[in-house]
Each structure stands twice: as structure tokens, then as C-alpha cells.
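Colleague: Hi! I have just opened this one and would love a friendly tour. Could you walk me through it?

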Amino acid sequence: RDVTGVQTCALPISIAAWIVVAACLRLPRTGTGGRLDVPGAVTLAGAATCLLLVCQWGGQRYPWLSAPVLALAAAGLVLAAAFGYRQTHSSAPFFPLRLLRHRTLRVVSVLQLATGCGMAAATIYVTLDLELVRHIAAASVGVLLLPMAAGLALGAAGGSLILARARSVRPSILASTALCALALGGLALTSAATPLGVLLTLLLVLGLGVGFGIGNEMILVQNSVERRDLGTATTGVRFTETLGASVAAAAFATLFTAGTAHGHLGPGPVMGTLNLIFALGAGLLAVATVIGTRLPRDQMTKTPGSQLGHTEQPV
């Protein structure tokens, strides 16, 4: 009921935002339009759906080696192969594979995939820690998440200052993934006896990390590709991040179900499973930090969107 109420409250705000954008946003027309690659979109959506269902159903609804899970995995591979074939033979591909020749786009896509996977551990399971281990009422959990929200706001402001001083988003990206990895690593070491102040401090650090990274990867991508590829590159990176978060959320849910003996939600089993999930998230974000060091050191920027004419040479 609480979730439905939140969604209902968010609906008029979303409608108002859509009206403002539709009425006020004026973008230059840069082309005459083109055909929509429907087969490419369908095969990509089908492959992603099969992958998510394998992660969601495997080990829960069906055994991992059961016929439905294996069939979904095989169908996903076939659809992924069909998508790749379509993109190499279509005159107007859904995602031109030539974009993968851009170093920045490749690195940012992998970075967003790892970050999406790692952050799934934080956004979902921190609240379970508060409710199931510390027995805090659901109505009070939102208040205890305020340090993370405050950290996010401070991190976003700090990231803007770094961007203005360094003229590059690379330091903010590295700070973001490193702080998130540190916070999740700390959460992996907590227990039911950990003082609440320590937990809130870790949530503050987590919020700072998220704030430092808001939008910076997208700035890099938009400044590295040609104007004609802005939409495709932007949505491609966002799709990668969302897919990583969705797959990780499904995988962590399977791990949580197995670790809590399918419904025995005692503090001991729950805390042990959450520690493992937080540790996996920290590891993924540590990997993302290492990947972030592969970003070009000399990729400079002014303000978001100010260098959309700049293009990076393919490598």
C-alpha cells in the first residue's frame, strides 16, 4: 500500500514535468529522420528479457538446470546473435556497432554496467538491513535514509566544483566509484550490534559517492561521439546501466532467498546474507574504479553539453 501511494503521488509530478518539457524545451532539428530498426529493437529486447528471466527464475521458481531456464538461456543467446547480425547488415541499425570503436564509449559502458550491478546491492538491501536486522519500523526507515540523501546532494555539489576546477570529469568518476565501494565494504563488515551512528555514516559516504558520479559519465560520452550519434550513445549507456542493475537485483534476490532458507528471516541468516551481498557490491564497484582509470586523462570538458560538437577519434 505504501509503494502504491508513493507511485500515485509521483504520477501528477511526472505529468507536470512532461508538460513543462513539452512546452518549453526547444531543440534544433539536425536531420530529416530515418527508419526505425524494428527487428533490431525486438531482438535486443527479447535477449534482455530472456537474461532477466533466467536470473529471476533460476534457483527460485525452477532449478538452474531445468528445461525452462535452459530454454530461456538458449533463446537469449540466439536473440543476441540475431541482434548482432542485424546490426552488421542493416542500413539503419538500431545501435551502429561502429560506436564501439570509441574508447570512451566502450569504457563508460563497461563502467556503467559494473556500477549498476554494484549499486543494486545498496539501493535495495540497505532498507532490509534496517527493517529485518535492526527491527526499525518501515515508517522510520525513510528518516534514517536522510544521511544518504544529504550525502547525495553534497556529492553532486562537490562533483560540480571538481568539474569546474579540474576541467575534467575523470576525478569525479573515480571518487564516486571508490566512495561507493568503500561504503559497501563497510556495510559488509557490520552486524546487528554495530552502532546506528556507524551505519548512518556509511550511508552518508554512500550518498557522497553517488552524488559525485551523477551525470558525469554521460558528459564524457556526449563529448566524445558525433552529434548524429548522441541519442544512440546516450540511450546505449543508460540501457547498459539499467540492464546491469536489473540483472544484479535478480541475482541478489536469488542469493537472498537461498541465504535466508526461503523465508526464515531471523536476524542471523539475514545479516549474513546481506553482508555477502554488500561485499559483492563493493567488489563490483572496486572493479568499476579500476575500469575508470582507463578513461582518457586528457578528455576535458567545459560545462555539460557545451562541447557536443567535439568528437573523439575512433580507436
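Modeller: Happy to. The largest nonpolar core has 34 residues, and those with the most contacts inside it are Tyr125, Leu184, Leu187, Phe252, Leu274 and Phe278. A nonpolar core here is a set of buried Ala, Val, Leu, Ile, Met, Phe, Trp, Tyr and Cys residues joined through side-chain atoms within 4.5 Å. Buried means under 20% relative accessible area, exposed over 50%, and partly exposed in between (1.4 Å probe, protein chains only).

Colleague: Which elements give two or more residues to this core?

Modeller: They are helix H4 (103–133), helix H5 (138–144), helix H7 (170–188), helix H8 (196–213), helix H10 (230–259) and H11. H4 gives the most to this core, with nine residues. There is also a second, separate core of 23 residues, which includes Phe95, Leu105, Val169 and Leu220.

Colleague: Before we go on, what kind of model is this?

Modeller: This is a predicted model, where local features need pLDDT of at least 70, side-chain atom pairs count only at pLDDT 80 or more, and totals for chains, interfaces and linings use all residues. Residues are numbered from 1 along each chain as its sequence is written, and side-chain values use heavy atoms, with hydrogens and water left out.

Colleague: Thanks. How many helices and strands does the protein chain have?

Modeller: The protein chain has 11 helices and zero strands. Both are DSSP runs numbered from the N terminus: helices are H or I with at least four residues, and strands are E with at least two.

Colleague: And how much of the chain is buried?

Modeller: Buried residues make up 40% of the 315 residues in the protein chain. As for contacts (heavy atoms within 4.5 Å), take those between residues at least 6 apart in sequence: 80% of them join residues at least 24 apart.

Colleague: Back to Phe252 for a second. What is Phe252 in contact with?

Modeller: Leaving aside neighbours within four places in sequence, Phe252 is in contact with Cys117, Ala120, Ala121, Tyr125, Ile277, Leu280 and Leu284.

Colleague: Some of those numbers look like H11. How do the axes of H10 and H11 cross?

Modeller: The two axes come within 9 Å and cross at roughly 155°. That makes H10 roughly antiparallel to H11. Axes are lines fitted to C-alpha atoms, for helices over the stretch in contact, and angles run from 0 to 180 degrees between N-to-C directions. Angles under 35 degrees count as roughly parallel, over 145 as roughly antiparallel, 65 to 115 as roughly perpendicular and the rest as oblique.

Colleague: Which residues make the contact?

Modeller: From H10 there are Phe252, Leu255, Phe256 and Gly259, and the H11 residues include Pro269, Leu274, Ile277 and Leu284.

Colleague: What about H7 and H8: at what angle do they pack?

Modeller: At about 155°, with their axes 7 Å apart. So H7 is roughly antiparallel to H8. Among the residues that meet there are Ser172, Cys180 and Leu187 in H7, and Leu199, Val205 and Phe212 in H8.

Colleague: New topic: Leu44. Where is Leu44?

Modeller: Leu44 sits in helix H2 (residues 38–57). Leu44 counts as buried because its relative accessibility is 19%. Not counting neighbours within four places in sequence, Leu44 is in contact with Phe83, Phe94 and Phe239.

Colleague: How far apart are Leu44 and Phe83?

Modeller: They are 39 residues apart in sequence and 5.9 Å apart in space, C-alpha to C-alpha. Phe83 lies in helix H3 (residues 67–89) and is buried, with a relative accessible area of 14%. Setting aside residues up to four places away in sequence, Phe83 touches Gly40, Thr43, Leu44, Phe94 and Phe95.

Colleague: Any polar residues to look at? Which side chain does Thr289 make a polar contact with?

Modeller: That of Thr177, at 2.9 Å. A polar contact is a pair of N or O atoms within 3.5 Å; within protein, one must be able to donate a hydrogen and the other to accept it, and residues adjacent in sequence count only if both atoms are side-chain atoms. Thr289 lies in helix H11 (residues 267–292), and at 19% relative accessibility Thr289 counts as buried.

Colleague: One last stop: where is Ser224 found?

Modeller: Ser224 is in the loop between helix H9 (216–222) and H10. Ser224 counts as buried, at 0% relative accessibility. The side chain of Ser224 reaches the backbone oxygen of Val221 at 3.0 Å.
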